[in-house]
Amino acid sequence: MTTEGAVVFVVDDDARVRDALTSLLESAGLDVVAFASATEFLEADKPDAAACLVLDLELPDVNGLELQRELAEREAPPIVFITGHGDIPLSVRAMKAGAVEFLPKPFGDDDLLRAIDAALTIDRAERLKRSERRELLARYEQLTPRERQVLPFVVAGFANKQTAGELGTSEITVGVHRGQVMRKMGARSLAELVRLSDKLGIRPHEGG
Amino acid sequence: MSTIRLRAATDGSPSVNAPLRAVVDAMAALVWLAAPDGNAVCIGRRWLALTGLTAEQALGWGWASAVHRDDVARLTQSWQAAVTSGAALEIEARLRRADGQYRRFLFCTEPLRDDSGTITGFCATFVDIEDRKRAEDLERASQQELRTIVDNIPAMIAIHDATGATELSNRDAQDFHRSSLDEVIHWETGGIVHPEDVPALVATRERALKSGEMQELEYRVRRGDGVYRWVEMRVRRASEGDRWFCVGTDVHDRRTAEDKLRRSEAFLLEVQRLSRTGGWRFDPASGIVESSPEIQRVYDVQPGEDITRPAFWFGRIHPEDRPRVQAHFEQCLRDRKDYRAGYRIVLPDGSVRYQHATGHLVANAAGDVIEIIGAQMDMTEHWLATTELERASQAVRDLQLKMARAAQVASVGELAASIAHEVNQPLAAVVANGHACLRWLAASPPNVPKAVEALERLVKDGKDAGEVVRRVRALFRRTTVEKAPLDINEVILEVLRLLNSYPARKHVELDTALDSELAAVFADRVQLQQLVLNLVLNALEALEPVSDRAKKLSVRTKRAEDGGTSIQITDNGIGLDDPQAVFEAFYTTKPEGMGLGLAICRSIVSAHDGKLSAERNVGFGTTFTVTLPITQARSA
């Protein structure tokens, strides 16, 4: 398991469980930050690193599932639920809502560490995807309005002449825009430009 | 006073008158007289007799023919010069005797003068110095020999006077200093002796001065090349002449090697102390044990104990472990196998420590064991930690099982969720702490403080869990019993419905024989449900390991002999060793077992004035029988 720079958030209102889990996870070489409530967790400054959340289902302020819903709306780490009730219907709901694992207390270290490992792997992939997308958006924002107009035609496979006709400009101008688009988007081929546009959700121009 | 005037005879006649001649001849010494020009004019009789020359041969310069060839030129020149200058002369030369032997003589001449001081002639005497010369030569040779001996003694030798000035030093001493030993005189301040060693040398000097006996000292002396070397010096002061005789040996290399060895031994000792590992060596031939300070420390050796004998070492071993360890040791010796054993030792103060010993047998070319070299590790701390953890883990497992059972029992009521939560919280902490503790201990290097922290939390959490159990039990006791007339068969069927297909899934054939003619019992419905459920679950658990026969469970009700109601639950499972003990709280025979359930069952039955008993079946398994008394028609 690679734990470099990764952090595990533990949210449990029971200090005994918090302390024990902190020691256990630290013994496995993980960085741990523990919170006694959902509010504490939400208000805390979190490092910009791969992370996962070990979340007790029964919290005094906000129910674990509610916190899960709330977190789903932002860029939050994957969740490993732990519970003292071992309630099956609840666990199904939690898993459906995207929890990585649902562990009834008491659980073995292997089960917990495996779940955390899986969660961190997911978060790393998510973070990578997010950073790629941010990068891509930044490139797209460099395009001039006219270049943004040209892009859907290019990815739809329109010839410069056709595009020029559609946009009411000259073939040469479209050629220049097209070159700029390729350069600014960092695409080395049309196929790559199509892929990048797809990631940005830009649909090829239809018709023609 | 008349003056003797000597003149060479020009005509060959005697030039010296007869009385003078008679005097010369009568002298015991070897004498001759010469004229002022140096020509011998009168040769004494003894001289002629000695040399065997005739007067005629010897007169004038003829005497020189008796002088050794190698000496003659030197002698005649000196003689000529003395004649010319008129000075006295003393010169050594060899004269040939008549028998041809040469002997050394001292040739002395004195001029003879008249009143006016004019030289009138010379008187020469020859003194035989051969014997004296020989003695001198001998002396010189023996001096030389002594010097050779002193120089060749393989040590630095020096003799100093009271001021420290060197009177004598041999070659080794000079070689060491690369020059004369003159600077030794300033030894107290000149830096030739290492400043740190000066006080010791001063003290040694004083001791030597007082006692007059030989003193020894190792100290550093600056060698000629400027390097300080360790020298072992022995010194004795001779009171006559107040001289100091010193013999020194350069022991620097040995001393450095010793220092190195000492350091390496000190290092080894420190390592042994830190790792709590001691070393030992056993020689089977002599039966002698050698041991390192660390093992002696661990074994708390007392003054007067003979630690060179195996009897001492085996004697320290705990009596329960001693026969096993001793037999194993002897077995290893016989089989020539390396030795390895773990055991306890009992120290003089009664405390017990845990040891791990290993021994390697060393054999000679013939295959005989010549020694066993061993290491001994004090494992007490480690063992205690492991045992503590083991105990804690066991307690956790027990608690977990009891909790599971308590939860199971409680599930009949409505407490399940909250009890489960109450119990699972500390249990989760216990298990996580246990795992954390194991991981901290397994880390390399083990993080003992963290492990101890986890263990301390674990113990506390375990107690919390125990507290929950106590509360749950108290809760059961406090539960108000609501008795009402019940159809016992209905209660049983409810429970079996609750179990649903559970027995079938466990491949248990369930057989019910319920007497429909039974009178109603006056009882608490929920408690009776708990009772039946527990007994059925208990039977199912007893059937779990059975694999060699069809698993059977029967539940029957019938009228008891005293008119009451009897419920019998029979299984052909693994059975009980002690049917009476099963009702004690937390008693369990099964690895997955209960412990709490039957105790609760018994308390429920008691609350209903009934009886609960367990009996071993004739074939396999157990029959539990609940007997409830005849219903006293009380108003509900």
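# Learning to read a two-chain model

Me: I've found Arg336(B) in the loop between α11 (322–335) and β13 (339–346) of chain B. What value is its phi near?
Reply: Before we start, keep in mind that this is a predicted model. Phi of Arg336(B) is near 55°, which is a positive value in a residue other than glycine. You can look for that sign elsewhere too: Asp609(B), also not a glycine, has a positive phi near 60°. Asp609(B) belongs to the loop between α18 and β21 of chain B. Its relative accessible area is 54%, so Asp609(B) is exposed.

Me: How do I read a cis peptide bond, and where is the one that ends at Pro106(A)?
Reply: Look at omega. From Lys105(A) to Pro106(A) the bond is cis, with omega near -5°. Pro106(A) is in a loop of chain A, between β5 (101–104) and α5 (109–141). Chain B has a case as well: the bond from Ser444(B) to Pro445(B) is cis, and its omega is near 0°. Pro445(B) is found in the loop between α13 (416–442) and α14 (448–478) of chain B.

Me: Let's zoom out. How many helices and strands does chain A have?
Reply: Chain A comes to 9 helices and 5 strands. Walk along its sequence and the pattern reads β-α-β-α-β-α-β-α-β-α-α-α-α-α. As for burial, 45% of the 208 residues of chain A count as buried.

Me: What's the general idea behind a nonpolar core?
Reply: In soluble globular proteins, nonpolar side chains tend to end up buried together. Here, the largest nonpolar core has 36 residues, and those with the most contacts inside it include Leu528(B), Leu531(B), Leu535(B) and Val536(B). Several elements of chain B give two or more residues to this core, among them β19 (551–559), β20 (565–571), β21 (611–616) and β22 (622–628). Helix α17(B) gives the most, with 10 residues.

Me: Which residues make the nonpolar patch on the surface?
Reply: That patch, of about 250 Å², is made by Leu146(B), Ile149(B) and Ile153(B). Take Ile149(B), which lies in helix α5 (residues 130–152) of chain B. Buried means under 20% relative accessible area and exposed means over 50%, so Ile149(B), at 43%, counts as partly exposed.

Me: And charged side chains? How should I think about salt bridges?
Reply: Side chains of opposite charge can pair when their charged atoms come close. Over all chains, this structure holds 53 salt bridges. In one of them, Asp25(B) pairs with Arg21(B), with the closest N and O atoms 3.5 Å apart. Both residues lie in helix α1 (residues 18–26) of chain B, and they are 4 residues apart, about one turn of the helix.

Me: Are those two partners buried or partly exposed?
Reply: One of each! Asp25(B) is buried, with a relative accessible area of 18%, whereas Arg21(B) is partly exposed at 27%.

Me: How far apart in sequence are Arg140(B) and Asp137(B)?
Reply: They are 3 residues apart in helix α5 of chain B, so about one helical turn separates them. Their side chains meet in a salt bridge of 3.2 Å, N to O. Arg140(B) is exposed, with a relative accessible area of 52%, while Asp137(B) is partly exposed at 33%. Salt bridges with shared partners join Arg104(B), Glu130(B), Arg134(B), Asp137(B) and Arg140(B) into one network.

Me: What about like charges? Which residues gather in a negative patch?
Reply: Asp13(A), Glu40(A), Glu43(A) and Asp61(A) gather there, on the surface. Asp61(A) is in the loop of chain A between β3 (51–56) and α3 (64–72). With a relative accessible area of 35%, Asp61(A) is partly exposed.

Me: One last thing: how far apart in space are Ala385(B) and Leu441(B)?
Reply: Try comparing sequence and space. These two are 56 residues apart in sequence, yet their C-alpha atoms are 9.4 Å apart in space. Ala385(B) is part of helix α12 (residues 380–410) of chain B, and at 27% relative accessibility Ala385(B) counts as partly exposed.

Definitions and conventions
Residues numbered from 1 in each chain as written. Chains lettered and ligands numbered in written order. Predicted model: local features only at pLDDT ≥ 70, side-chain atom pairs only at ≥ 80, totals over all residues. Heavy atoms only, no water. Patch = residues over 30% accessible without salt bridge, like charges linked within 9 Å, V, L, I, M, F, W, Y side chains within 5 Å. Areas by Shrake-Rupley, 256 points an atom, 1.4 Å probe, with all protein chains shown as cover. Salt bridge = Lys/Arg side-chain N within 4 Å of Asp/Glu carboxyl O. Lys, Arg positive; Asp, Glu negative; His and termini not counted. Charge placed at Lys NZ, Arg CZ, Asp CG, Glu CD. Buried < 20%, exposed > 50% of the residue type's maximum accessible area, 1.4 Å probe, protein only. Core = buried A, V, L, I, M, F, W, Y, C linked by side-chain atoms within 4.5 Å.
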